[in-house]
Structure formats: C-alpha cells, structure tokens
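Visitor: I should like to take a close look at a single part of this structure. Would you please guide me through it and set it in its surroundings?

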Amino acid sequence: MHIPDGFIAPQVYGPAYGVAGVLWTVGLRRLPRLLDPAAIPRLAVATAAAFALMMVTFPLPGGTTVHVTAVGMVAVLFGVWHGFLALSLVFLLQALMFGDGGITALPINALAMGLVGSLAAVGVYRAVRRLHHATALFLAGWVGAVMPAVVVALVLGAQPHLAHDSAGNPLFFPFGWDVTLPAVIVPHLVVGIADGVLVLLAWRALARTDKRADGRTDGRTDQRTDQQTHGRAGDTP
Amino acid sequence: MTFHRHDLLLLLYLLLVVGGTLVHHPLILGAALAATLLSAGRRLGTLARRMARAALPFALAVSLGYVLMARHQLDQAATVLLPLNLRVLLLTALAFRILPAIDLQRALGFSPTLRFVLILATSQVLTFRRLFRDFQDSLTARSPRRVGLLAALRHGAATSAWFLARAEHDATEITQALETRGYFLDRR
C-alpha cells in the first residue's frame, strides 16, 4: 500500500484529506484534554512501535519478502483512537521523512488502515474474545490487514471512473475494480495470516515477559498501572 | 501569524504536488521533471537514483500490467502511461528534492501537540529503526542458511513483543520525565 504520488486523482485525495483532516484535528485537540498525562507520550511511542512493527518481514517463495501491516496489533493493544492517530503519524513520517509512499496517498492509507482497519480489528477482537481468546487475536490481525486492502482496492479501482480524459483514457491509476480487487485483496489474505500469527505470538511473548517481570519482583503485582494500560482495547496479557 | 522558511518550503512542496496532479500534458510534465532533476546540480545522480528506487517498482508493475492488458492498442497504452509515469517521477523527484531541506518539527509548529508528538515519535522511530536492523543482523549472523518462514515468524514475534514492551517502558519513562518537569501542570 506504499502508493507513490501521481496515482491518486485530486477528486479522491482532496475529499480524503477533508475527512481525515477533521478526524486528525479532533484527535489532536482531544489529547491534551485527556486526564491521562501519559496520553501524548503513549501516542508517540505507539507511533514508533507501529513503525517498527511494519518493518517485520517474512520470506516468500521466489526470494521476495512481505512485511506485516501491524494494524491489528496496534489497534488491539492501543485502541482504535490511538491506533488511528499512531498509524497516521507513521504514514506522515514515512512520506515526509523517509520517502516511502506519497503525500497524496497519506489520507487514504490513514483512513483505510488507521480507521477502517483499527475499527474492524477491535470489533472482531471484542466479538470473539469471549469465545476463544487466541482465535480473537488471530482474527484481529487478519481482519486488520484484509479490510484496509479492500478499501484501498476500491479507492484505486475508482480512479479510472473518476478521472479520465474526453476519450475515456484514465489520467491516474489506470485499472478498474476488476483488476484492483483481486490484485490487492488476494495477497493480503496471505499477509493477513502472517499478521494474525504475529499478533498471537507477540501477545504470548508479551505475557511471558510480564510473568518473568512479576517473578523478578518477588510476586508483587504487575507494575503497570491502569494509566498505562487503559488505552488497550482488550485484556492486558 | 508569521511564516518561517520551513513552513514556506512545506507549503511550496504541497502546492507543487497539487499542481503536478492537475497537469496532464507530457511535455509540461517532462520539462518540470527535467528542471527538478537539473536543479539538484552535482547531486543529480543521487536524486535520480533515489527517485528511481522509490517510484519504479510500483510504476513498472502498473505500466507492464497495463501494456499486457492493452497489447492490441499500444498507441492508447502510450497515451495513458507516458503522462502517468512522468507525473509519478516528477512528484517523487520533488519529494526527494524539497523534503530533505524541511525541518518537519518546525514546519508543523502550527500545532504544539502535533509538534510535541512528532518530536517524541521521531526520536523513538530512529532508535527503533537502528535496533530493528541490529536484530535482523543478529538473526542473519546466527543462521548459516537462508532464514525460513518458521524462524522468521518466531523472530518477528519476539521482536514485536520486545518493541511493544520497550514502547510501554519508554512511554512510562517519558511521562515521568515530563511530569517531574511540570509539563502536565498547565494542561490539566
């Protein structure tokens, strides 16, 4: 989903900036008003964690690699609101500091991955966790990768319909939904499995780390306060 | 409201990006691309390499796919792909030409909260990036053969868990440091 500038039409990135801009403004204004003083540092560190998680890659047949989206993990651990803001900041840093992905794709990625992905991941996690916690974690990771892919495929496939010359030739991304839906979604069905497994394994690894930390403190209760964990969508591991 | 060099550069970059997406004539796009590359002077080669590395994988995949689909109408494919690729290259070149000159924290100073979050996030991102590379190098050094899927999954999970634990620890530490300096007093 690292779409360079030039593929998205102004008819699409303009309104996307409008919607995302309202959500960013509301989010940033909310932050300092939250009673929790850790809200801003937690958002900054969630951003860095999301950035680092997106660097985790897996080998594919043929010598290539694929990186996880980390949307499900960030959303489940930090909540929808922090997930949206943190992932938006990741895309901003990637676009403006590291030249990875375009500035015109930023609001689309933020809305697709940060908002839709986070909402879907947290929704699935909350719906399934009472039935089977491990399945809920896996599904949250999987849905967090697949749902944004569906949105991005729909947005990309809309380009030739929205922006074309008088002869009907596309001016921006040239493929319609018949190509974008399978081309973007099918690989993400596989990436979603990696994301799901990663959420599950990382959760278990975190739980082991916490148990070891409890052991080192002679059985004292978890050192983390409610303040540090209340941003999470679910249980603390 | 006063504007500084970094605000103006960011504004200029955004205006050029919007302008670039409103132009569809190959000659204008080509001339703008040439002007952007030539403006780099002695760093033209570096700029061209960075532009190609960032834009070509996606642009080539799209172009080859389109040529294959429209193989019986190559004229029409050229009409579509020439301005599209010139625009993609132009906007990528502009990003690499202008953005390194912008101090993002100063350019986004219109929102103190955003600037504060960005400063914290950037410092953490740079640390995490270095640590991530260290972890990857250690995995490669410990693996006599190419790392398999299972090993990569286990390594990825352990790395992710480590980053999450570290992120939580860092957030606590930063919050405590800010609290002792009275940062939150005027925000409650």
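Guide: What follows is an account of one helix and of the chain to which it belongs, with a brief word on a residue in the other chain. Please keep in mind that the model is predicted.

The part chosen is helix H7 of chain B, which covers residues 149–180. This helix has 32 residues, and at 1.5 Å a residue it should span 46 Å. The C-alpha atoms at its ends are 46 Å apart, so the expected span and the distance in the model agree. After H7(B) comes Gly182(B), a residue with a positive phi, near 80 degrees.

Let us now turn to the chain around this helix. Chain B contains seven helices and zero strands; read from the N terminus, its elements follow the order α-α-α-α-α-α-α. The C-alpha trace of chain B spans about 65 × 60 × 35 Å along its principal axes. Its radius of gyration is 23 Å, whereas a compact globule of 188 residues would have a value near 16 Å. Of the 188 residues in chain B, 30% are buried. Consider also the contacts in chain B between residues at least 6 apart in sequence: 70% of them join residues at least 24 apart.

Chain A also has a helix H7, made up of residues 177–216, and Val190(A) is found there. Val190(A) has 14 other C-beta atoms within 10 Å; a residue counts as buried at 20 or more and as exposed at 12 or fewer, so Val190(A) is partly exposed. Although Val190(A) and Ala145(A) are 45 residues apart in sequence, their C-alpha atoms are 9.3 Å apart in space.

Definitions and conventions. Residues are numbered from 1 along each chain as its sequence is written. Chains are lettered from A and ligands numbered from 1 in the order in which they are written. This is a predicted model: local features need pLDDT of at least 70, side-chain atom pairs count only at pLDDT 80 or more; totals for chains, interfaces and linings use all residues. Helices (H or I, at least four residues) and strands (E, at least two) are DSSP runs, numbered from the N terminus. The expected span of a helix is 1.5 Å times one less than its number of residues. The radius of gyration is taken over C-alpha atoms; the globule rule is 2.2 Å times the number of residues to the power 0.38. Two residues are in contact if their C-beta atoms, placed from the backbone, lie within 7 Å.
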